[in-house]
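Thank you all for coming. Please keep the sequence and the structure in view while I talk, and follow each residue on the screen as I name it.

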Amino acid sequence: MAITKEIIQDKIEVVGDFKHIHIRTATVIKEDGVEISRSFQRHVVSPNDDSTNESADVKAMVKQFHTDAVKKAYADHLAKAGP
């Protein structure tokens, strides 16, 4: 009986005016190749977040969607919202 654990980013979406990147990570447990459990975790990368620890796929999306214009608009939005 072999039990394996696989962690995969199974969904990456770009959401909203400020191009927040939503990442869903699935943890899949299999016994003898048959899935017996699946759980999910989610996190968001905002335009002002550090993405150095993200996967290559997420980094590519950050590069594409978090342009200087989007970063400035998001910073202006946060400044208006206040502390």
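In the hairpin formed by strand 2 and strand 3, there are 2 residues between the strands, and Asp 32 there takes a positive phi near 50°. I should say straight away that what you are looking at is a predicted model, and I will keep that in mind throughout.

The two strands of that hairpin pair in the antiparallel sense over 11 bridges, and if you would like one pair to look for, Ala 26 has Phe 40 in strand 3 as its bridge partner. On strand 2, which covers residues 20-31, there is also pairing with strand 1, again antiparallel, and here over 12 bridges. An example from this second pairing is Thr 4, which stands opposite Lys 30 in strand 2.

Putting these pairings together, we have an open sheet of 3 strands in the order 1-2-3, with antiparallel pairing. Strand 1, residues 3-15, and strand 3, residues 34-45, are the edge strands, each of them pairing on one side only. If we ignore direction, neighbouring strands of this sheet are turned by 20° against each other on average. Packed on the sheet is helix 1, residues 56-65, which touches strand 1, strand 2 and strand 3, and whose direction makes about 5° with that of strand 1.

Which residues make up the largest nonpolar core? There are 6 residues in all, namely Ile 21, Ile 23, Val 45, Val 58, Met 61 and Val 62. Strand 2 and helix 1 each supply at least two residues of this core, and the largest share, 3 residues, comes from helix 1. Leaving aside residues up to four places away in sequence, Val 62 touches Ile 21, Val 45 and Ser 51. As general background, nonpolar side chains in soluble globular proteins tend to be buried together.

Let me turn now to a polar pair. His 20 is found in strand 2, while Ser 46 has its place in the loop between strand 3 and helix 1. The side chains of these two, Ser 46 and His 20, make a polar contact at 3.3 Å. Are they buried or exposed? With a relative accessible area of 17%, His 20 is buried, and Ser 46 is buried too, with a relative accessible area of 11%. Not counting residues up to four places away in sequence, His 20 touches several others, including Glu 13, Val 44 and Tyr 74, and on that same basis Ser 46 touches His 20, His 66 and Tyr 74.

Finally, the salt bridges, of which the count comes to 3. In one of them, the side chains of Asp 10 and Arg 24 meet at 2.8 Å, N to O. Because Asp 10 lies in strand 1 and Arg 24 in strand 2, this pair ties together parts that are 14 residues apart in sequence. Asp 10 is partly exposed, with a relative accessible area of 30%, whereas Arg 24 counts as buried at 16%.

Another salt bridge joins the side chains of Glu 35 and Arg 38, at 2.8 Å, N to O; Glu 35 counts as partly exposed at 39%, and Arg 38 counts as partly exposed at 37%. There is also a salt bridge between the side chains of Asp 76 and Lys 72, at 2.9 Å, N to O. These two residues are 4 residues apart in helix 2, residues 68-81, and are therefore separated by about one helical turn. Asp 76 is partly exposed, with a relative accessible area of 35%, while Lys 72, at 51%, counts as exposed.

Notes
Residues numbered from 1 in each chain as written. Predicted model: local features only at pLDDT ≥ 70, side-chain atom pairs only at ≥ 80, totals over all residues. Heavy atoms only, no water. Pairing = 2+ DSSP bridges. Axes fitted to C-alpha atoms, helices over the stretch in contact; angles between N-to-C directions. Contact = heavy atoms within 4.5 Å. Buried < 20%, exposed > 50% of the residue type's maximum accessible area, 1.4 Å probe, protein only. Polar contact = N/O pair within 3.5 Å; in protein donor to acceptor, adjacent residues only side chain to side chain. Core = buried A, V, L, I, M, F, W, Y, C linked by side-chain atoms within 4.5 Å. Salt bridge = Lys/Arg side-chain N within 4 Å of Asp/Glu carboxyl O.
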